[in-house]
Amino acid sequence: MLIWGAGAIGGTIGAYLRRAGRDVVFVDVVPDHVAAINETGLRISGPIDDFRVDARAFTPQQLTGRHKIILLCTKSQHTRAAAESLAPFLTDDGCVVSLQNGLNELTIAEVVGRERTVGAFVNFSADYHAPGEVLFGGRGAVVIGELDGADSQRARDLVKALRDFERDAKFTDNIFGYLWGKEAYGAMLFISALTHDSIAAALSKPRYRPLYIRAAQEVLQLAEKLGISPLGFNGFEPALFLADDQAGIARSLDALVAFNKLSAKTHSGIWRDLAVRKRATEVSMYAPLLAQAEAIGMDMLLTRCWITMIGEIEQGSREQSQNNLEELRAEFP
């Protein structure tokens with residue numbers, strides 16, 4: 001099993017699979033991270049676990065051979081480049097599994113073929129902290145499914161393997177339902193990253209809850225218009241948002257607050273990219289959604305606005321601040 005991207009997601013899952021005795025090889029574009037894994041192993045730290053595993057790691061330029069299973073764990077914006085880089089190392093009867101945020105399965109399928117692409121959804125908390133070290137902050141949903149909803153042996157085998165990491169990992173016949181649910185939840189996380197609030201603190205504030213609700217609803221309404229049934233996870237209940245059930249939505253947000261309070265990772269990876277690593281976020285994963293919305297005449301005005309704000313923070317022309325939410329409240333009362 002080849003893990004392409006040994007950061008937060010890939011590093012955590014790969015370390016658990018390796019500890020369980022599985023043959024795992026890591027690939028990463030950061031030479032210092034690769035060197036650290038080869039020299040001293042990969043360490044997982046945090047409140048869930050603290051252990052180190054020996055493993056083999058390579059940069060893409062160093063890799064040889066072909067692999068039947070490749071877990072793609074890069075940031076969303078790097079998907080196409082990563083898929084093109086890994087394609088020569090995938091066996092003809094193998095598959096690429098997208099353990100990422102976004103609808104990246106569609107891009108992967110364009111590169112390696114739909115029949116060699118398997119869908120996945122993850123919602124656990126982790127952060128790359130230093131070469132050879134990843135923080136595992138909190139458990140979350142792990143789901144595997146074929147793009148066409150088929151009940152395949154390979155999907156079942158992948159679920160079994162991933163239970164070495166998350167005992168509640170499961171199979172679904174509606175993987176896109178989970179992916180669209182995560183897109184809606186992700187919209188709320190992007191808005192929280194306009195500030196320095198933790199996820200739990202952001203979703204707790206009554207003054208800004210209408211913004212978070214509308215942001216999720218815009219994504220979910222688009223999914224509904226496209227004939228997709230979004231699915232919930234870890235407290236997030238899309239059906240309540242689509243029904244505009246305010247009492248139910250409040251309960252769902254409270255559940256998300258409680259879920260996030262359990263994690264040692266207090267802020268989203270989006271916030272960390274902006275505030276700590278000073279690099280581009282995964283905001284580009286919403287471009288396909290806006291294109292689909294435009295094609296059917298749907299505005300998604302709030303979505304367009306927060307995407308612009310995130311871009312301005314990335315470019316250094318806007319600060320992360322509560323003032324950003326005040327601007328949004330003024331425009332979307």
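Here is a short exchange about the sheets, helices and largest pocket of a predicted model.

Reader: What makes S4 and S9 the edges of the sheet with the order S4-S3-S10-S9?

Author: Count partners. Strand S4 (51-53) and strand S9 (125-130) each have a single partner strand, so one side of each is left without a neighbour in the sheet. The sheet has 4 strands and is open.

Reader: Why is the pairing in this sheet called mixed?

Author: Look at the senses. S3 and S10 pair in the parallel sense. S9 and strand S10 (residues 133-138) pair in the antiparallel sense. S3 and S4 also run antiparallel. Both senses occur, so the pairing is mixed.

Reader: How do you know that S9 and S10 pair?

Author: Count bridges. Pairing needs at least two bridges. S9 and S10 have 5 bridges, so they pair. Within this pairing, Ala-126 stands opposite Phe-136 in S10.

Reader: And what makes S3 a partner of S10 and of S4?

Author: The test is again at least two bridges. S3 and S10 share 3 bridges, and 3 bridges join S3 to S4. Both counts meet the cut-off, so both pairs stand. Ser-45 stands opposite Leu-135 in S10. Ile-44 has Phe-51 in S4 as its bridge partner.

Reader: What lies between S3 and S4 in their hairpin?

Author: The hairpin has 5 residues between the strands. Gly-46 takes a positive phi there, near 125 degrees.

Reader: How far are neighbouring strands of this sheet turned against each other?

Author: By 25 degrees on average, direction ignored.

Reader: Which helix packs on this sheet, and what does the helix touch?

Author: Helix H2 (residues 31-40) does. H2 touches strand S3 (42-45), S4, S9 and S10. Touching here needs heavy atoms within 4.5 Å. The direction of H2 makes about 95 degrees with that of S3.

Reader: Now the sheet of 8 strands. What makes S5 and S12 its edge strands?

Author: Each pairs on one side only. The order is S5-S2-S1-S6-S7-S8-S11-S12, in an open sheet with mixed pairing. The edges are strand S5 (56-58) and strand S12 (170-171).

Reader: How do you know that S5 pairs with S2?

Author: The cut-off is at least two bridges. Strand S2 (residues 25-27) is joined to S5 by 3 bridges, so the two pair, and they run parallel. Val-25 stands opposite Arg-56 in S5.

Reader: Which strands does S6 run parallel to?

Author: Take strand S1 (residues 2-4) and strand S6 (residues 67-72): 3 bridges join them, and they run parallel. Trp-4 stands opposite Leu-72 in S6. S6 also runs parallel to strand S7 (residues 90-98), with 5 bridges between them. There, Ile-70 has Val-96 in S7 as its bridge partner.

Reader: Which strands does H6 lie across?

Author: H6 lies across strand S8 (117-122), strand S11 (142-146) and S12. It runs at about 45 degrees to S8.

Reader: Why is the crossing of H3 and H4 called right-handed?

Author: A crossing is right-handed if the near helix is turned clockwise from the far one by less than a right angle. Helix H3 (residues 79-86) and helix H4 (residues 104-112) pack at an angle of about 35 degrees, with their axes 9 Å apart. Their crossing is right-handed, so the turn is clockwise.

Reader: Which residues meet there?

Author: From H3 come Thr-79, Arg-80, Ala-83, Glu-84 and Leu-86. From H4 come Asn-104, Thr-107, Ile-108, Glu-110, Val-111 and Val-112. By class, this contact has 5 nonpolar, 3 polar and 3 charged residues.

Reader: What makes a residue part of the lining of the largest pocket?

Author: An atom within 4 Å of a pocket point. By that test 47 residues line the largest pocket. Ala-8, Ile-9, Cys-73, Lys-75 and Arg-279 lie nearest its centre. The volume of the largest pocket is about 1000 Å³.

Reader: Which helix gives the largest share of this lining, and what classes are present?

Author: H6 gives the largest share, 5 residues. By class, the lining has 22 nonpolar, 15 polar and 10 charged residues.

Key: Residues are numbered from 1 along each chain as its sequence is written. This is a predicted model: local features need pLDDT of at least 70, side-chain atom pairs count only at pLDDT 80 or more; totals for chains, interfaces and linings use all residues. Side-chain values use heavy atoms; hydrogens and water are left out. Axes are lines fitted to C-alpha atoms, for helices over the stretch in contact, and angles run from 0 to 180 degrees between N-to-C directions. Ala, Val, Leu, Ile, Met, Phe, Trp, Tyr, Cys and Pro count as nonpolar, Asp, Glu, Lys and Arg as charged, and the others, Gly among them, as polar. On a 1 Å grid over the protein atoms alone, a cavity is a set of points where a 1.4 Å probe fits but cannot get out, and a pocket is an open set with protein on both sides within 12 Å along at least five of seven lines; lining residues have an atom within 4 Å of a point. Grid points are joined across faces, edges and corners, and a volume is the space filled by probe spheres set on the points.
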